[in-house]
Amino acid sequence: MAHPPSIKATAFQQAADDLNRLIETGKISREEVEARLRKEDLRFLDKQLAATTWVPIDSYRRVVEILIEVEAGGSSPEVYLHNRGVRAAQRLHKAGLYRQFEASSETWGNRVGKIAVTMAAVLYNFTKWSFQSDPDGGAFETTLDEARDYPDALRAVGEGFIQYLAENLVPGHKVEVTSERVTADRIVFRGRFS
């Protein structure tokens, strides 16, 4: 049976854990969460999910919408989501999952870009990713096709994730990452090293 557009539990789990923490600390009640989420969303909240589990992307989007409302405070949702992406990349990096990504700026496009695109393809069951780097290594583009169901919240998370990845795997360089939904079905992430 085919899954609806979904995200791997490894990417969803932190959002679920953050929402549960907000419930435990009284920043939002369980009743409020249950009223805002759908019944099918709730089954993903109260347990540690197996890494192979697929979570519908709409469930992820609804959880993140609550997190934005409760946690973003006075900051813009884009800044909050960008920072979530940075933190997600930090967790993976600290867990040692980026060792194979270590590269210089000269090999960014040939090695790291391909690995990053492959990693993204594993996290989503409904998108196609591609990567292109300028010959001089000063800029890159990651294109996400078949992105109609990809929430804009994930676009901002992706900017933070890609920024952290680029800055920490090509030490000594700062990178600015922007993104744009150029059509309903295509998103382009652009990075430029300074």
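A salt bridge is taken here as a side-chain nitrogen of Lys or Arg within 4 Å of a carboxyl oxygen of Asp or Glu. The structure discussed below is a predicted model, and the cut-off just given matters at once for one of its acidic residues.

## Glutamate 167

Glutamate 167 sits in helix H7, which spans residues 152-169. This glutamate is buried yet takes part in no salt bridge, since the nearest side chain of opposite charge, that of lysine 174, is 4.1 Å away, while the cut-off for a salt bridge is 4 Å. What does the side chain of glutamate 167 reach at 3.0 Å? The partner is a backbone atom, namely the nitrogen of valine 175. When residues up to four places away in sequence are not counted, glutamate 167 touches His173, Lys174 and Val175, so that list includes both the lysine named above and the valine whose backbone nitrogen the glutamate side chain reaches.

## Helix H1 and its surroundings

Helix H1 covers residues 9-24, a run of 16 residues, and reaches 21 Å from its first C-alpha to its last, close to the 22 Å expected at 1.5 Å a residue. The buried residues of this helix are Ala9, Phe12, Gln13, Ala15, Ala16, Asp18, Leu19, Asn20, Leu22 and Ile23. Several elements contribute to covering them: the cover includes strands S1 (6-8) and S2 (54-56), together with helices H2 (30-36), H4 (57-71) and H5 (77-94). H1 is followed by glycine 26, whose phi is positive, near 80 degrees.

Serine 75 is placed in the loop between H4 and H5, two of the helices that are included in the cover of the buried residues of H1. This serine counts as partly exposed because its relative accessibility is 34%, and its side chain reaches the backbone oxygen of alanine 72 at 2.9 Å.

## Salt bridges between H1, H4 and H5

Side chains of opposite charge can pair when their charged atoms come close. The structure holds 17 salt bridges, and three of them, which involve residues of H1, H4 and H5, are set out here.

| Salt bridge | N to O distance |
|---|---|
| Arginine 84 and aspartate 18 | 2.7 Å |
| Arginine 21 and glutamate 71 | 2.6 Å |
| Arginine 84 and glutamate 71 | 3.7 Å |

In the salt bridge of arginine 84 with aspartate 18, the arginine lies in helix H5 and the aspartate in helix H1, so the pair ties together parts that are 66 residues apart in sequence. Both of these residues are buried, and for arginine 84 the assignment follows because the relative accessible area is 8%.

In the salt bridge of arginine 21 with glutamate 71, distant parts of the chain are linked again, with arginine 21 in helix H1 and glutamate 71 in helix H4, 50 residues apart. Arginine 21 counts as partly exposed because its relative accessibility is 33%, and glutamate 71 is likewise partly exposed, with a relative accessible area of 25%.

In the salt bridge of arginine 84 with glutamate 71, arginine 84 lies in helix H5 and glutamate 71 in helix H4, so this pair ties together parts that are 13 residues apart in sequence. Which residues are joined into one network by salt bridges that share partners? They are Asp18, Arg21, Glu71 and Arg84.

## Aromatic pairs around tyrosine 150

A pair of aromatic rings is described by the distance of the centres and the angle of the planes. The count comes to 9 aromatic pairs. In one of them, tyrosine 124 and tyrosine 150 are arranged edge-to-face, at 5.4 Å centre to centre and with 75 degrees between the planes. This pair links distant parts of the chain, for tyrosine 124 is in the loop between helix H6 (108-123) and strand S3 (128-133), whereas tyrosine 150 is in the loop between strand S4 (139-145) and H7, 26 residues apart. Tyrosine 124 is buried, with a relative accessible area of 9%, and tyrosine 150 is buried as well, with a value of 3%.

Tyrosine 150 also pairs edge-to-face with tryptophan 129, at 6.1 Å centre to centre and with 80 degrees between the planes. Tryptophan 129 lies in strand S3 and tyrosine 150 in the loop between S4 and H7, so the pair ties together parts that are 21 residues apart in sequence. Both tryptophan 129 and tyrosine 150 are buried. Ring pairs link Tyr124, Phe126, Trp129, Tyr150 and Phe189 into a cluster.

Terms used
Residues numbered from 1 in each chain as written. Predicted model: local features only at pLDDT ≥ 70, side-chain atom pairs only at ≥ 80, totals over all residues. Heavy atoms only, no water. Helix = DSSP H or I, 4+ residues; strand = E, 2+ residues; numbered from the N terminus. Buried < 20%, exposed > 50% of the residue type's maximum accessible area, 1.4 Å probe, protein only. Lys, Arg positive; Asp, Glu negative; His and termini not counted. Polar contact = N/O pair within 3.5 Å; in protein donor to acceptor, adjacent residues only side chain to side chain. Contact = heavy atoms within 4.5 Å. Expected span 1.5 Å × (residues − 1). Phe/Tyr/Trp six-rings, centres within 6.5 Å; stacked < 30°, edge-to-face > 60°.
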